[in-house]
Amino acid sequence: MINKDTTIEELNAINKDTLMEAIGIEYLEVGEGYVKAKMPIDNRTLQPMGILHGGASLAMAETIGGVGSAMIVDLNKNEIRGSGLNANHVGSARGKFVFGEATIIHQGRNTHVWNIDIKDENNYLVSTCRLTNFILKK
């Protein structure tokens, strides 16, 4: 179960046999109100034109924003469900990895809103996303 004391190693182990493992998402850092992760730019995440697929960026954004909400609430009493995700893809990624940083901008009782920026190795903004999660009582 994910909680505020879950380690990076434990978070990465939870990815086993999931979409996150399939596309290579790896958590790097978690703290109060933020999550950082990386994802490879390779055959798993490219579109046919040879650039990072926008859907891979969206999967990364929803993943790290969802983990961020899970770290905040008591999952014994609540469930997290993504409600809405939008993105603006503003550039093409260069290098071997992109890095995502999710920062909470609204922490309500029933909803969390996250801003997620995805940048390449040169700190160039590739996508900026906004995720809303519902916090549902079990």
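I will go through the fold of this protein chain, then a few of its residues. What you see is a predicted model.

First, the overall picture. The protein chain has three helices and six strands. In sequence order the pattern reads α-α-β-β-α-β-β-β-β. The radius of gyration is 14 Å, close to the 14 Å that the globule rule gives for 138 residues, so the chain is as compact as a globular protein of that length. If you want box dimensions, the C-alpha trace spans about 45 × 30 × 25 Å along its principal axes.

Next, surface and contacts. Of the 138 residues, 39% count as buried. The chain exposes about 7600 Å², and carbon and sulfur atoms supply 50% of that area. If we take contacts between residues at least 6 apart in sequence, 57% of them join residues at least 24 apart. On charge, there are 14 positive and 16 negative charges, and their mean positions are 4 Å apart.

Now the aromatic residues. How many aromatic pairs does a search of the whole structure find? It finds one. The partners are Phe97 and Phe99, with ring centres 6.4 Å apart and planes at 45 degrees; tilted pairs are those between 30 and 60 degrees, so this pair counts as tilted. Phe97 is partly exposed, with a relative accessible area of 27%, and Phe99 is also partly exposed, at 31%.

Phe97 brings us to strand β4, which covers residues 97–107 and also holds Ile104. Is Ile104 buried or exposed? At 18% relative accessibility, Ile104 counts as buried, because the cut-off for buried is under 20%. Leaving aside neighbours within four places in sequence, Ile104 is in contact with Gly33, Ile72, His112, Val113 and Trp114. The C-alpha atoms of Ile104 and Glu32 are separated by 9.0 Å, although the two residues are 72 apart along the chain.

Ile72 also turns up in a distance from strand β3. That strand runs over residues 78–89 and contains Asn86. Between Asn86 and Ile72 there are 22 Å from C-alpha to C-alpha, for 14 residues along the chain. Asn86 is partly exposed, with a relative accessible area of 46%. Which residues does Asn86 touch, not counting those up to four places away in sequence? They are Thr128, Cys129 and Arg130.

Over to helix α1, residues 8–14, where we find Ile14. Ile14 is partly exposed, with 43% relative accessibility. The C-alpha atoms of Ile14 and Ile25 are separated by 11 Å, with their positions 11 residues apart along the chain.

Last, backbone angles. Most residues other than glycine have a negative phi. Two residues here are worth a look on that point. Asp17 is not a glycine, yet has a positive phi of about 60 degrees. Asp17 lies in the loop between α1 and α2, and is exposed, with a relative accessible area of 66%. Asn123 likewise has a positive phi, near 65 degrees. Where does Asn123 lie? Asn123 is in the loop between β5, residues 111–120, and β6, residues 125–137. Asn123 is exposed as well, at 56% relative accessible area.

To recap, this is a predicted model of a chain with three helices and six strands. Ile104 in strand β4 is buried, whereas the loop residues Asp17 and Asn123 are exposed.

Technical notes
Residues are numbered from 1 along each chain as its sequence is written. This is a predicted model: local features need pLDDT of at least 70, side-chain atom pairs count only at pLDDT 80 or more; totals for chains, interfaces and linings use all residues. Side-chain values use heavy atoms; hydrogens and water are left out. Helices (H or I, at least four residues) and strands (E, at least two) are DSSP runs, numbered from the N terminus. The radius of gyration is taken over C-alpha atoms; the globule rule is 2.2 Å times the number of residues to the power 0.38. Buried means under 20% relative accessible area, exposed over 50%, partly exposed in between (1.4 Å probe, protein chains only). Contact means heavy atoms within 4.5 Å. Accessible areas come from the Shrake-Rupley method with a 1.4 Å probe; for residues, only the protein chains shown count as cover. Lys and Arg count as positive and Asp and Glu as negative; His and the chain ends are not counted. The place of a charge is taken as NZ of Lys, CZ of Arg, CG of Asp or CD of Glu. Rings of Phe, Tyr and Trp (its six-membered ring) pair if their centres lie within 6.5 Å; planes under 30 degrees apart count as stacked, over 60 as edge-to-face and the rest as tilted.
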